[in-house]
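Colleague: I'd like a close look at one part of this model, with the rest of the chain as background. Please pick a helix-packing site and take me through it slowly, since I work at the bench rather than with coordinates.

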Amino acid sequence: MKGNEIRRRFLQFFEGKGHTIVDSFSLVPENDPSLLIIGAGMAPLKPFFTGAKTPPNRRMASSQKCVRTGDIEMVGQTARHHTFFEMLGNFSFGDYFKKEAIAWAWEFLLEDLKIDVDKLWVSVYEEDQEAWDIWHHTMGVPAGRIVRLGKEDNFWEIGVGPCGPCSEIYVDLGPEFGCGSPECKPGCDCDRYLEIWNLVFTQFDKDEEGNYNPLPHPNIDTGMGLERLAAVLQGVPTNYDCDLIFPLIEHFADLAGVEYADQKYTQSLRILGDHFRAVAFMLADGILPSNEGRGYVLRRLLRRAVRHGILCGIEGPFLYTAVEPLLKIFPDIYPELTANTQHLIATIKAEEERFLATIQSGMELLKSLLAKVGKGGVLNGEEAFRLYDTFGFPLELTVEIAGEQQVKVDEDGFRKALEGQRAQARAAREQVDAMLLERTSDLVADLPATTFTGYSTFSASARVLALLDGKEHLDQAEAGQEILIVLDQTPFYPEGGGQVGDGGIMRGERAVVEIDTASKSDAVILHRGRVLEGVLRSGDNVTAEVDTRRRDIEANHTATHLLHHALRKVLGEHVRQAGSLVEADRLRFDFTHTQPVTSQEIQRIEQEVNALIAADLPVECREMNMEDAQRLGAIALFGEKYGATVRVVSVGDVSRELCGGTHVATTSRIRGFKILSESGIGAGLRRIEAVTGNGLLRYFFALEDTLEGAARAAKARRENLVSRIEELQQELREQKQKAEKLETKILALESDNLLAAAEDVAGIKVVSGQVPALDMAALRNNSELILGRLGSGVVVLGAIVGDKVNLVATVSKDLVAKGIHAGKIIGEVARVAGGGGGGRPDMAQAGGKDPSRLKEALALVAGLVANQAEGK
């Protein structure tokens with residue numbers, strides 16, 4: 001039975017049992033800072049288990065994408081470990097319990113999947129007599145096939161809170177997979193008994209004293225690995241051989257020209273198949289490679305896969321070629337894969353190229369370091385950090401490669417070096433504002449949600465619900481005092497979704513307050529400002545007025561939607577928004593793209609956006625449920641969290657996005673669009689900065705001033721400025737050529753003087769001295785000129801350029817053969833002049849920071865040559 005068919009049958013079965021079937025949630029946790037990546041079927045449903053949210057149905061089922069890296073070193077070594085897998089699960093939030101969960105699991109396995117009952121075993125928690133009785137007396141499982149296991153195996157708990165016993169279902173794979181012990185049964189460490197389904201009975205609430213208090217409404221949380229089940233039903237020896245992974249392994253084996261059955265390559269090919277699935281699904285869910293958080297997990301998996309491709313003999317970027325085979329495995333199952341096909345290909349290839357550009361140098365350095373350390377030794381943590389910082393080697397990759405050579409890595413030393421690098425950034429994150437924000441969140445926790453009226457008005461009458469100073473509530477605030485104000489309703493947009501908070505004025509009967517910005521703490525909008533005059537009291541009635549900057553902010557925000565559309569039209573559908581900043585003066589837009597945008601493409605993008613502005617398209621904002629928004633084709637942004645009801649902003653028929661920001665009524669109000677810059681900000685990420693409306697006018701006025709100033713400086717009319725600059729450049733080139741000819745004559749004279757002063761050191765002609773030279777290239781040319789006239793000898797020249805020293809040494813080939821080394825000579829000379837450098841035996845150059853010691857440094861040359869001639 002195919003893996004996709006198993007998934008379909010599972011969901012159909014539980015739909016028939018009254019469960020609501022939900023699509024797999026994103027791998028990025030929603031509003032759960034305790035999780036980095038979703039690693040279990042129940043993780044996205046945690047708010048329903050805790051009671052924080054009400055589920056749409058007390059019975060739910062899903063096939064959830066999961067990523068786990070805790071046992072990454074076991075991937076490929078065992079038959080079952082993976083970083084990416086799908087978890088089939090059925091859940092009850094205070095509805096059914098053990099009897100139904102056990103009965104339905106048994107029914108599905110025996111009747112729907114037709115698994116031989118004689119191959120199935122179960123385990124229960126040793127103190128859970130209720131589960132044992134259901135399995136034996138109700139389901140008819142022989143007592144000899146029910147194994148009681150302890151807390152470590154069959155009780156789920158994480159500290160205090162909800163917890164409970166588990167019951168697991170196993171498939172007996174046969175004695176050929178076993179350890180041969182007559183006592184072998186579920187719980188044994190061998191591979192004979194494969195756990196396929198875990199039923200968790202969450203029936204207790206563990207308190208701080210360690211007491212297990214019964215929950216009034218116990219829950220059910222089950223999990224079954226789809227790949228494991230597929231391997232069992234398809235009769236293959238490992239999960240890697242099932243149809244959900246093996247086509248990828250075959251693809252990589254074909255690329256490498258190796259056989260999967262060849263034990264030299266088996267593990268690497270398994271790692272490639274496994275890690276590629278994880279990389280692709282993480283990218284499809286909006287995670288991008290980086291050196292932090294989820295992005296680091298993604299980068300680590302991708303780079304580990306690249307290394308194993310190299311071990312299989314694959315050269316150059318190759319992972320990206322597996323996107324098409326992956327789509328064939330999951331046809332129409334995960335639409336995010338299909339929607340982001342080009343994004344996956346481009347980002348994976350770019351990240352491969354980036355890694356491959358440095359890995360060879362890094363590998364050579366690592367091999368050298370490991371050779372020095374030797375078997376049984378320890379690689380210094382700072383060296384491991386250098387590999388990470390300079391060559392992009394994840395620590396885990398260094399540990400893995402070192403382990404193959406029986407070398408340990410000082411991981412504590414690595415983390416110490418890494419911590420030192422991050423200290424400054426961490427210090428910035430720990431500023432007082434962050435602490436005040438946390439305190440403020442506590443202060444407004446009991447206040448009602450603020451009603452936002454700013455979509456339809458710039459002014460509103462409101463009542464002051466609270467005054468805060470960031471530390472405590474205030475009864476009143478006087479002139480000159482900076483405060484946070486909470487109103488019952490407000491037209492001030494709170495910072496969010498990339499849009500800055502509004503500023504403006506609040507007027508009360510006894511006070512005037514200038515508002516700098518607005519922000520949000522949960523559902524409460526905070527207005528940060530300063531009392532200009534009078535006294536403002538909690539409970540006062542005020543008029544809140546947003547200033548005219550909002551018009552420019554609205555124009556810039558709608559322009560980002562038009563820009564997003566234009567980027568996808570010009571560059572390709574793989575482009576997705578990765579961040580934005582919408583201010584009154586400008587807009588910034590980050591997006592996924594693997595190469596710089598050309599000037600021709602920028603021009604096409606500007607033309608597209610300005611054409612849409614000129615078309616005076618209507619901008620419509622509507623609230624609807626997520627399903628309706630998706631049917632309309634609205635684009636949801638990576639990393640954003642959405643509730644059941646979303647706001648869809650439509651610009652004519654060209655753009656639909658989920659967005660909570662403020663916008664113009666029609667595109668003509670944007671009045672124009674101009675891109676100021678385009679740059680790279682990370683692997684596969686680009687950034688555009690642009691202006692619209694009043695910002696565009698300011699840009700043109702500044703450009704006019706610059707042109708006028710340039711015309712005055714060039715003594716030309718503005719319309720003749722280009723031709724005048726060309727004339728000046730030609731004059732400059734001619735003057736430079738004259739200067740170079742003059743310098744050559746001066747250097748020739750200097751050469752004569754230096755050659756006349758040549759010393760004989762142990763039979764070697766040595767020329768050293770200070771010369772006038774404009775740059776290092778001129779100094780190098782002069783040195784080679786003198787050596788050419790000298791024939792056989794050593795030439796060391798120095799020049800003062802600004803407040804620095806340039807040094808060059810050249811040695812004739814016959815003397816190099818006798819052991820004279822230019823690099824060693826120049827290194828010693830440069831040290832005296834406050835610098836350093838080196839190079840080849842025949843030519844070397846260096847710099848110094850102390851011009852006052854140049855003569856002293858050059859005086860060393862004869863002695864250094866003498867020492868080398870004597871073999872010292």
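Modeller: Happily; I'll start with how to read the model, then go to one buried alanine and its helix, and then to other parts for company.

This is a predicted model, in which local features need pLDDT of at least 70 and side-chain atom pairs count only at pLDDT 80 or more, while totals for chains, interfaces and linings use all residues. Residues are numbered from 1 along each chain as its sequence is written, and side-chain values use heavy atoms, with hydrogens and water left out.

The background first. The chain holds 26 helices and 34 strands; helices (H or I, at least four residues) and strands (E, at least two) are DSSP runs, numbered from the N terminus. Its C-alpha trace spans about 110 × 85 × 55 Å along the principal axes. Of the 872 residues, 49% are buried, where buried means under 20% relative accessible area, exposed means over 50%, and partly exposed lies in between (1.4 Å probe, protein chains only). Among contacts between residues at least 6 apart in sequence, 67% join residues at least 24 apart; contact means heavy atoms within 4.5 Å.

Now the close look. Ala 230 sits in helix 6, which covers residues 226–234. With a relative accessible area of 0%, Ala 230 is buried. Once neighbours within four places in sequence are set aside, Ala 230 touches Gly 3, Ile 6, Cys 242 and Leu 244. Leu 244 is 14 residues away along the chain, and its C-alpha atom is 8.1 Å from that of Ala 230.

Gly 3 and Ile 6 lead us to helix 1. Two packed helices are described by the angle between their axes and the distance between the axes. For helix 1 (residues 3–15) and helix 6 the angle is about 115 degrees and the axes are 9 Å apart. Here, axes are lines fitted to C-alpha atoms, for helices over the stretch in contact, and angles run from 0 to 180 degrees between N-to-C directions. Helix 1 is therefore roughly perpendicular to helix 6; angles under 35 degrees count as roughly parallel, over 145 as roughly antiparallel, 65 to 115 as roughly perpendicular and the rest as oblique. The crossing is right-handed, meaning that the near helix is turned clockwise from the far one by less than a right angle, whereas anticlockwise would be left-handed. Helix 1 contributes Gly 3, Ile 6 and Arg 7, and helix 6 contributes Leu 226, Leu 229, Ala 230, Leu 233 and Gln 234. By class, this contact has 5 nonpolar, 2 polar and 1 charged residues. Ala, Val, Leu, Ile, Met, Phe, Trp, Tyr, Cys and Pro count as nonpolar, Asp, Glu, Lys and Arg as charged, and the others, Gly among them, as polar.

A second helix pair is worth setting beside that one. The axes of helix 20 (residues 693–714) and helix 21 (residues 721–756) come within 10 Å and cross at roughly 45 degrees, so the two are oblique to each other. Their crossing is left-handed. On the helix 20 side are Leu 707, Ala 710, Ala 711 and Ala 714, which meet Leu 721, Arg 724 and Leu 728 of helix 21. That contact has 6 nonpolar, no polar and 1 charged residues.

Helix 24 shows another kind of burial. Because 8 of its 11 residues (822–832) are buried, helix 24 is largely enclosed by the rest of the structure. Among the buried ones are Ile 825, Ile 826 and Val 829. The cover over them includes strand 31 (794–801), strand 32 (804–811) and helix 26 (861–869). After helix 24 comes Gly 834, with a positive phi near 80 degrees.

Finally, a helix on a sheet. Four strands make an open antiparallel sheet in the order 22-23-28-27; strands pair if DSSP finds at least two bridges between them. Strand 22 (577–582) and strand 27 (673–682) are at the edges with a single partner strand each, so one side of each has no neighbour in the sheet. The twist averages 15 degrees from one strand to the next. Strand 22 is joined to strand 23 (residues 587–592) by 5 bridges, and Gly 579 stands opposite Asp 590 in strand 23. Helix 17 (residues 549–571) lies across strand 22, strand 23, strand 27 and strand 28 (685–692), at about 30 degrees to strand 23.
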